[in-house]
Amino acid sequence: MERVNVAIVGGGPGGSAAAYTAANAGADAIVLEKGVPRADRDGLGPDSTDAAGILDYWVDIMGIHPDEFDDGVLQCELTRAEFRGPDEAATLYSTGIDSSYDEFGYTFHRARFDDWMRERAEDAGAEYRTGVTVRDVETDLTVDVADGVGRGGGDDPRHVVQLASGEELWADFVVLADGPQRTVTNRVLDRFLPEGSGASDRLSPPNANHIAYQEHRRVPEAVYEELNDAIIFWWGVMPGETAYPWIFPNEGRACRIGLTMPIGLDIETFDADEYELLEPDDESIPNGSEYIRRLLEWQFGDEYDIEEAFPIVDEAGKRNGTETYPISSTRPIDSPTDAGIAVVGGAMGTTSAFHEGGDHVAIRTGSIAGELAAKGDLAAYNRRWKEEIGDEIVRNVTMADMVADYDPDDWNRVIGAADDLLAAETGDALLSQPYRSGLESLKLVLGYKWNKRKTKRNYVGIDENEYVY
């Protein structure tokens, strides 16, 4: 029977980061990735779908500088982020957070990035297998590996990883990195939670996820000149909690144009006249492609024939220049570390429906889990991830909670207040001098700070004390 120190379920950024740090520390680490075919990748690999952008301080959270990338991973360097409402707009040229990266941020080719992460883990000594589906993980809590990786467990395995092929893999530690759909994570965590409070109910899609859809389109040269160093978000133009479209630039006049929205919205609960991307005769919420067509018509239709001037790049993305993927909209969860299990990245809810992605926090949590598993003790994992990414998570949870019930008028008000703040700013931080920019800006800043303090006391969806062993 094959046995390893660390078995990692899922080969995206979190899983590959766990494999890298575990192998780099001398552990036997294996990544089990079911793999999906993509138009922009040769062979199988992880799903590799998100808008693929990194802000300056996220570089330090990841611990990976883009200078390390292979050619073709980095796409565009960014100078700003634009936030547009129905009638107001604000542009951010600095995050106001210290960073070792000199630019505002960058966009990257997600499939190439995942392949680079895989090669990095393999170069460190990890094994990465694709075409492997994990069905379940069974854990024997009587097996003790506290004396060190690979020692103290006797002949019996702590974890038996069951594969769809019927094979089994024995492991001392398991890292669950199967993304926001949590196909394996929910099943495993249910065994350590009291009856009636299982992960399947609290974390499962469709209740706990947003859905994202994007198209890769080649834009006119004049439009690309305007967009190639900016990421743009529209708020208050489509219904749903933290629902918004975006544009992220890539190389060769290509842009990722997409949106995120909650699953299962009922159009009857919204006034179509209030939203720029709804039409009075809509009988249901538009699908992703229709939303993008409307966005492009709204923004560029006066100058261009959209289908002719903004063609889909068929060879990009997952299939035919498009991709659809889930995003966790839950709060992050602690892991049952006493059982030798760590949950990382999107599976633990570090990705955010508010800022759409989470590669930086997935990598950070995966790195922590791999490091600790290699040392033979995951006990510090829940404390470590809070210390290292807690501020980032609290920011996202706070903002998502604050805007949960916003309508278009609210977005106009808040974006206008943010624009006033930026216009009055004399330092690097957006929120440092609200008194210079009016009452609405002051209310925005004070509301954020008050809510952040409240959120910081309770931002974990499943606390480690809830697990029963």
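**Exercise 1. Find which strands pair with strand S7, and in what sense.**

Strand S4 (residues 74-78) pairs with S7 through four bridges in the antiparallel sense, and within this pairing Glu77 has Tyr106 of S7 as its bridge partner. These statements describe a predicted model. Next, turn to strand S3 (residues 53-55), which also runs antiparallel to S7 and is joined to S7 by three bridges; here Leu55 stands opposite Gly105. Finally, look at the side chains of strand S7 (residues 105-108): Gly105 and Thr107 point one way, Tyr106 and Phe108 point the other way, and all are buried.

**Exercise 2. Work out the strand order of the seven-stranded open sheet, and explain why one side of S6 and of S16 has no neighbour.**

Begin with the order, which reads S6-S5-S13-S14-S15-S12-S16, with mixed pairing. Strand S6 (89-92) and strand S16 (322-328) are at the edges and have a single partner strand each, so one side of each lacks a neighbour in the sheet. From one strand to the next, the twist averages 20°. At the S16 edge, strand S12 (residues 209-218) runs antiparallel to S16 and is joined to S16 by seven bridges, with Tyr213 opposite Thr324.

**Exercise 3. Check the length of helix H7 against its expected span, then find what covers its buried residues.**

Helix H7 (residues 288-300) has 13 residues, which at 1.5 Å a residue should span 18 Å, and because its end C-alpha atoms are 18 Å apart, the two values agree. The buried residues of H7 include Tyr291, Leu295 and Phe300. Among the elements that cover the buried residues of H7 are S12, strand S14 (244-249) and helix H8 (306-309).

Key
Residues numbered from 1 in each chain as written. Predicted model: local features only at pLDDT ≥ 70, side-chain atom pairs only at ≥ 80, totals over all residues. Heavy atoms only, no water. Pairing = 2+ DSSP bridges. Helix = DSSP H or I, 4+ residues; strand = E, 2+ residues; numbered from the N terminus. Axes fitted to C-alpha atoms, helices over the stretch in contact; angles between N-to-C directions. Expected span 1.5 Å × (residues − 1). Buried < 20%, exposed > 50% of the residue type's maximum accessible area, 1.4 Å probe, protein only. Contact = heavy atoms within 4.5 Å.
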